[in-house]
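Please open the structure in your viewer and keep the selection panel at hand. The tour proceeds by selections, each followed by a description of what is found there.

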Amino acid sequence: MSDPSAAWAELDRWHMNRALELAEQGRGGAEPNPLVGCVVAHGAEVIGEGYHRRYGGPHAEVDALQMAGERARGATLYVTLEPCCHWGKTPPCSQAVIKAGVHRVVAAMSDPFPQVAGGGLAELRASGVDVSVGLLEAEARRLNRPYLKLLATGRPWVIAKWAMTLDGKLASHAGSSQWISSPESRAIVHQLRGRVDAIIVAAGTARADDPQLTARPPGPRTALRVVVDDRGHLALDSYLVRSARETPVLVATVADASPDKLAALRAAGCEVWQHSGFDRASRLAGLLDELGRRRFTNVLVEGGAKLLGNLFDARQIDEVHVFVAPKLIGGSGAIAPLAGIGIANMADALRLESVQIETSGGDVYLRGHVLKPEA
């Protein structure tokens, strides 16, 4: 004889998995809010689905309840994050759930946002709603790692991206790098650019490649283009400066950079941010703090090797996207992806988790999250 409780538990997991799939669809649009998905169901019958599509728009619960309509009364609501209980850009979701007459709420995790932090769940319970928390919590936390990091540290999630040859080179010994990866791989990079808040490069990369650092075609977000330029030497005739009035550019430099050069960059439409840190590590930390103050949730670092190496040494890289092309160029003077100091002992090498590997136009595309030592 089958166990009814096991069948109900499996049904709950099925609905929550769908809610997680829905939440993912909001990536790039919902930030700095969390990614949230919601399913409203009577048993196995789904009567409403929703997700948080864009910042300032309806939350997932409201989206799903609107689809369910009057049938939400007595239903179970599955949501990947605790319903909010405060007024922000939208009314409290907890009150919408109570008003709809939902009988039961299954939440994957509580929301650590200070104005929620268990208050939404408490409000539901106080109104007689049956509440359970923790179903597929690990998956829900993985989905919202950038949001959780911003709340916990005040810094954005740092995504490192590079394309390299099969022998591990970013460019030839003469500096030639266009193009290592395939058009299909470059299209994926444009998708990445279209969902982040900032794209960061070093001054050397800006000088060598004269990049646009825009998403083509545009994505849900327009990223701030950031150039880490200790000397304030970004060329006034570079594409970044010439287009600064159309797509924002921030030049991150030192406190004693040339006032005349910085004034020229400002006059051209660039924003200049100066930091008095005594070394590169402290200045990069200060930049991440500044981007966090702006509530940037995801930033993409596209090079060069010194910048990526400095972030690696400081353990500030959270996620990696690497495109390995089936090409060999050789050369002891050719550039490798990560400069800096690096790891002395192989046992201390940083590892990736949640790794995904696929092919992209003949390249191998590998991505994953950096497993930090404290984890």
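Select Arg283 first. Is this residue buried or exposed? Arg283 counts as buried, because its relative accessibility is 15% and the cut-off for buried is under 20%. Please bear in mind that the model is predicted. Arg283 belongs to helix 11, which covers residues 280-293.

Next, add Asp230 to the selection. The side chains of Arg283 and Asp230 make a polar contact at 3.2 Å. Setting aside neighbours within four places in sequence, the residues in contact with Arg283 are Asp230, Val254, Trp273, His275, Gly277 and Phe278.

**The cavities**

Arg283 also leads to an enclosed space. The model has 3 cavities of 30 Å³ or more, and the largest cavity holds about 60 Å³ of space. To display its lining, select Val228, Asp230, Ala252, Thr253, Trp273, His275, Arg280, Arg283, Leu284 and Leu287. Two or more of these lining residues come from each of strand 9 (249-254), strand 10 (271-275) and helix 11. Which element gives the most to this lining? It is helix 11, with 4 residues. Coloured by class, the lining of the largest cavity shows 5 nonpolar, 2 polar and 3 charged residues.

Move now to the second largest cavity, which has about 50 Å³ of space. Its lining consists of Arg27, Glu31, Asn33, Pro34, Leu35, Leu143, Asn144, Pro146, Tyr147, Thr297 and Asn298. By class, 5 of the residues in this lining are nonpolar, 4 are polar and 2 are charged.

**The second largest pocket**

Keep Arg27 selected, for Arg27 appears again here. The second largest pocket contains about 600 Å³ of space. It is lined by 23 residues, and those closest to its centre are Glu24, Arg27, Glu319, Gln356 and Arg367. The elements that each give two or more residues to this lining are helix 1 (4-24), helix 5 (137-143), strand 6, helix 7, strand 12 (319-325), strand 13 (351-360) and strand 14 (363-371). Strand 14 contributes the most, namely 4 residues. The lining of the second largest pocket divides into 8 nonpolar, 7 polar and 8 charged residues.

**The largest pocket**

Select Thr205, Asp209, Glu302, Gly303 and Gly304. Of the 41 residues that line the largest pocket, these lie nearest its centre. The space in this pocket is about 1200 Å³. Strand 6 (157-165), helix 7 (183-193), strand 7 (198-202), helix 8 (203-209) and helix 12 (305-313) each give two or more residues to the lining. Helix 8 supplies the largest share, with 6 residues. How many residues of this lining belong to each class? There are 18 nonpolar, 11 polar and 12 charged residues.

**Helix 12**

Finally, select helix 12, one of the elements that line the largest pocket. Within this helix, Ala305, Leu307, Leu308, Gly309, Leu311 and Phe312 are buried. Which elements help to cover these buried residues? Among them are strand 6, strand 7, strand 8 (224-228), helix 11 and strand 11 (298-301). The tour thus returns to helix 11, where Arg283 is placed. As a last stop, select Arg315, just after helix 12, where phi is positive at about 55 degrees.

Conventions. Residues numbered from 1 in each chain as written. Predicted model: local features only at pLDDT ≥ 70, side-chain atom pairs only at ≥ 80, totals over all residues. Heavy atoms only, no water. 1 Å grid on protein atoms, 1.4 Å probe; cavity = no way out; pocket = protein on both sides within 12 Å on 5 of 7 lines; lining within 4 Å. Points joined across faces, edges and corners; volume = space filled by probe spheres on them. Nonpolar A, V, L, I, M, F, W, Y, C, P; charged D, E, K, R; others polar. Buried < 20%, exposed > 50% of the residue type's maximum accessible area, 1.4 Å probe, protein only. Polar contact = N/O pair within 3.5 Å; in protein donor to acceptor, adjacent residues only side chain to side chain. Contact = heavy atoms within 4.5 Å.
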